Amino acid sequence: MKRYLAGLVLLALPCVAQEKQNFVFNPGTPEGQILQNLGQETDDARKVTLGQDFLAKYPKHEAAGWVAAQLESALLAQKENDKVLEVAETAYANGPDMDAAYYALKAAVAKEDIAQTKKWSARTSEAARKLISSAKAPTDDDEKHQLEYAKEVDEYSEYALYVVALKAPPKEEVDLVDALIKQNPKSQYLPEVAGSYFAALSKAGEGAKACPAAMKMAVDKNAEAMVYAADCSWRGNRADAVISYAAKASEAVSTRAKREGVSDSDWAAEKSELLGRANFYTGIGYTMQMRYGPANKALKAALPAIRGNQQLYAIALFDLGLANYQLGKPVGDRAQMRQGLQFFQQSAEIASPMQDQASKNAKLVLAELGGK
């Protein structure tokens, strides 16, 4: 949009692609001529020349941020990522600009540059959130699009940390995910990286941070962190917390929308695995509380999904043996006691920390049933 005011021009960027920047310039001046030409230019190489010329001559001009964004956009199109970052650094020193920061972040992601991604993600998010927080309720489509664009830019700042973290060595992955947690502990990308992050903490020699991090991340729809937090609570002998985190994980999985790009079959398998683990920890928690009825129900529901994890499977079978024996013994239900025997026997067939005790329990129950 352009309109003339007493010989001056008020320039606004396209709202769907860039942050709106209004500034007044005189096309009769040298700097005004460059701005006018830059606003009308479609050739990226020519945009680069005009943008570099303007910033070299007028680095403190009120339009410098907009010019830097135009220049960075053109350089990105030419895959000149290092030059994009150079321009962005200079522009940022003269005053933060959301678009200039956003293009710098895109360049950093393209380079898979960990340090630059972390830096420009923080700067991009800060600029976007400042615009969002200062915006008034939109009164027209233009203002609505500007606000939505700022929100999308802020979301991209989180995506950038996530996507680079997935390819980073363990120590750097930890650093990037820590930055993402700090930036938004409810980020939609945290569930995607949770499992990898906890493994990276161990590989980076920071395993002690895993449980506190899981409990901090166990919010919103992050079922992966909730399951990990349930495991931490189990190992810490906190039965109430085990059950609570497992219940939250089940709810999160059941209500979480399918991610874009994931097939229905893959999504069903992913949900089944998470629900299976949540049921496993629910059963473990109830067993710890000696509430054998709900433990029996939850562990049986967990078995199909955890069959591929021999350690969890052996533990679930052991606790099912205990639950069914304890449910049957007080009322003389030999059939249920026999189910307990069968679960102990199955657990005893798997190499696990429970194997020896499962074998001993099976022999004791078998003898109590008269050897059959």
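Let us start with Y228, which lies in helix α11. This is a predicted model, and what I say about this tyrosine and about every other residue should be heard in that light. Is Y228 buried, exposed, or something in between? At 27% relative accessibility, Y228 counts as partly exposed, because that category covers the range between under 20% and over 50%. If we set aside residues up to four places away in sequence, Y228 touches F198, A210, C211 and A214. F198 stands 30 residues from Y228 along the chain, and the C-alpha atoms of the two are separated by 8.6 Å.

Helix α11 spans residues 223–235, and there is a point of interest in the loop on either side of this helix. The loop between α10, residues 210–217, and α11 contains D220. The phi of D220 is positive, about 55 degrees, although D220 is not a glycine. The loop between α11 and α12, the latter covering residues 239–255, contains N237. N237 also is not a glycine, and its phi is positive, at about 60 degrees. As background, most residues other than glycine have a negative phi. As for its surroundings, N237 is exposed, with a relative accessible area of 63%.

I turn now to the chain as a whole. How many helices and strands does the chain have? Its secondary structure comes to 17 helices and three strands. Along the principal axes, the C-alpha atoms fill a box of roughly 105 × 40 × 35 Å. The radius of gyration of the chain is 29 Å, whereas a compact globule of 372 residues would have one near 21 Å. Of the 372 residues, 47% are buried. Among contacts with a separation of 6 or more, 56% are between residues 24 or more positions apart.

A word on confidence is in order. The mean pLDDT of the chain is 89, and 93% of the residues reach 70 or more. Residues 1–17, however, have a pLDDT below 50; beyond near neighbours in sequence, that stretch has 47 contacts in the model.

Next, the surface and the charges. The chain exposes about 18,300 Å², and carbon and sulfur atoms supply 51% of that area. There are 45 positive and 47 negative side chains, and the centres of these two sets lie 8 Å apart.

With that overview in place, I return to individual residues, following the order of the sequence. T124 is found in helix α6, which runs over residues 114–134. T124 has a relative accessible area of 0%, so this threonine is buried. Not counting residues up to four places away in sequence, T124 touches A101, Y102, L105, V153 and S157.

V193 lies in helix α9, residues 190–203. V193 counts as buried because its relative accessibility is 0%. Which residues does V193 contact, leaving aside its neighbours within four places in sequence? They are Y162, L166, E173 and V177. As for V177, it is 16 residues from V193 in sequence, and the C-alpha atoms of the pair are 7.9 Å apart in space.

Further along, helix α15 covers residues 310–328, and F318 has its place there. F318 has a relative accessible area of 8%, and it is therefore buried. Residues up to four places away in sequence aside, F318 touches F344, S347, M354, Q357, A358 and N361. One C-alpha separation may be added: F318 and Q355 are 37 residues apart along the chain, with 8.6 Å between their C-alpha atoms.

The last residue I wish to discuss is R334, in helix α16, which spans residues 334–348. Why is R334 classed as partly exposed? Its relative accessible area is 40%, and this falls in the band between the buried limit of under 20% and the exposed limit of over 50%, which means partly exposed. Leaving aside neighbours within four places in sequence, R334 is in contact with E368, L369 and G370. R334 and L369 are 35 residues apart along the chain, and their C-alpha atoms are separated by 7.4 Å.

To close, I would suggest returning to Y228 in helix α11, and then looking at D220 and N237, each with its positive phi.

Technical notes:
Residues numbered from 1 in each chain as written. Predicted model: local features only at pLDDT ≥ 70, side-chain atom pairs only at ≥ 80, totals over all residues. Heavy atoms only, no water. pLDDT = per-residue confidence, 0-100. Contact = heavy atoms within 4.5 Å. Helix = DSSP H or I, 4+ residues; strand = E, 2+ residues; numbered from the N terminus. Rg over C-alpha atoms; globule rule 2.2 N^0.38 Å. Buried < 20%, exposed > 50% of the residue type's maximum accessible area, 1.4 Å probe, protein only. Areas by Shrake-Rupley, 256 points an atom, 1.4 Å probe, with all protein chains shown as cover. Lys, Arg positive; Asp, Glu negative; His and termini not counted. Charge placed at Lys NZ, Arg CZ, Asp CG, Glu CD.
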